[in-house]
Amino acid sequence: MKLAKDINIKNRRVSFDYFISETFTAGIVLTGTEIKSIRLGKASLADTYCIVHNSEVWVKNMYIAQYFYGTYNNHTERRDRKLLLNRKEIRALEKFASSPGYTIIPLRLFLNGKGLAKLVIGVGRGKKEYDKRQTIKEREDSRDMARAFRK
């Protein structure tokens, strides 16, 4: 079984698809079986996004597997979950979400020292195809330089 400090679920596509301008750390409203599944590491942030609706921030399409030992109280895997942020942060996210080209994307899901699930969300602007090629080129160049340095 994984320890709480070992749970660190990342959205790996984000750095490739978006320029992240600002990040926020938010709590998540979860049910009992959801937090148990997260503690087992059975969650994914692929194809996940956030919306601001009625001055509340919601995470959509986040996958948390059903808890194996759950009964009829087990949760739905891809339900909408509310994020816990203060009013100032919500206003900033509303401002970003209303401007064209910006998206609110979950970056990382982790458990803090108290065992509470936290979600790091970022405000990102989508990369164009040439930006993605540039990112790949920079990554390959840094690998080549690291290889040359080791020799």
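**Note on the predicted structure**

1. Of the 151 residues in the protein chain, 34% are buried. The model under review is a predicted one. Along the principal axes, the C-alpha atoms occupy a box of roughly 55 × 40 × 25 Å.

2. The secondary structure comprises 4 helices and 9 strands. From one end of the sequence to the other, these elements follow the order β-α-β-α-β-β-β-β-β-α-β-β-α. Among contacts between residues at least 6 apart in sequence, 67% join residues that are at least 24 apart.

3. The largest nonpolar core holds 26 residues, and the members that touch the most others are Ile 38, Leu 83, Leu 85, Leu 93, Leu 109, Leu 119 and Ile 121. Two or more residues of this core come from each of strand 2 (18–28), helix 2, strand 5, helix 3 (87–98), strand 8 (102–111) and strand 9 (117–126). Strand 9 makes the largest contribution, with 4 residues.

4. Leu 119 merits a closer look within this core. When neighbours within four places in sequence are set aside, Leu 119 is in contact with Phe 24, Thr 25, Ala 26, Ile 28, Leu 45, Val 59, Leu 83, Pro 106, Arg 108 and Leu 109. A second core, separate from the one described above, has 5 residues, among them Val 14, Ile 105, Leu 107 and Val 120.

5. The next points concern charged pairs. Side chains of opposite charge can pair when their charged atoms come close. In the whole structure, 8 salt bridges are found. One of them joins the side chains of Glu 34 and Arg 81, with an N to O distance of 3.0 Å. This pair links distant parts of the chain, since Glu 34 belongs to helix 2 (residues 32–39) and Arg 81 to strand 7 (residues 81–84), 47 residues apart. Glu 34 and Arg 81 are both buried.

6. A salt bridge also connects the side chains of Glu 56 and Lys 82, at 3.2 Å from N to O. Glu 56 is in strand 5 (residues 56–60) and Lys 82 is in strand 7, so this pair ties together parts that lie 26 residues apart in sequence. Are these two side chains' residues buried or partly exposed? Glu 56 has 27% relative accessibility and therefore counts as partly exposed; Lys 82, at 28%, is likewise classed as partly exposed.

7. Lys 60 and Asp 80 form a further salt bridge through their side chains, at 2.9 Å from N to O. Here too the pair links distant parts of the chain: Lys 60 is in strand 5, whereas Asp 80 is in the loop between strand 6 (63–64) and strand 7, 20 residues apart. Lys 60 counts as partly exposed because its relative accessibility is 22%, and Asp 80 counts as partly exposed at 32%. Elsewhere, Arg 13, Asp 17 and Lys 132 are joined into one network by salt bridges that share partners.

8. The largest pocket contains about 180 Å³ of space. Which residues lie nearest its centre? They are Asn 11, Arg 13, Leu 45, Asp 47 and Thr 48, out of 14 lining residues. By class, the lining consists of 6 nonpolar, 3 polar and 5 charged residues. Two of the central residues also appear in the points above: Arg 13 belongs to the salt-bridge network with Asp 17 and Lys 132, and Leu 45 is in contact with Leu 119.

Technical notes
Residues are numbered from 1 along each chain as its sequence is written. This is a predicted model: local features need pLDDT of at least 70, side-chain atom pairs count only at pLDDT 80 or more; totals for chains, interfaces and linings use all residues. Side-chain values use heavy atoms; hydrogens and water are left out. On a 1 Å grid over the protein atoms alone, a cavity is a set of points where a 1.4 Å probe fits but cannot get out, and a pocket is an open set with protein on both sides within 12 Å along at least five of seven lines; lining residues have an atom within 4 Å of a point. Grid points are joined across faces, edges and corners, and a volume is the space filled by probe spheres set on the points. Ala, Val, Leu, Ile, Met, Phe, Trp, Tyr, Cys and Pro count as nonpolar, Asp, Glu, Lys and Arg as charged, and the others, Gly among them, as polar. A salt bridge is a side-chain nitrogen of Lys or Arg within 4 Å of a carboxyl oxygen of Asp or Glu. Buried means under 20% relative accessible area, exposed over 50%, partly exposed in between (1.4 Å probe, protein chains only). A nonpolar core is a set of buried Ala, Val, Leu, Ile, Met, Phe, Trp, Tyr and Cys residues joined through side-chain atoms within 4.5 Å. Contact means heavy atoms within 4.5 Å.
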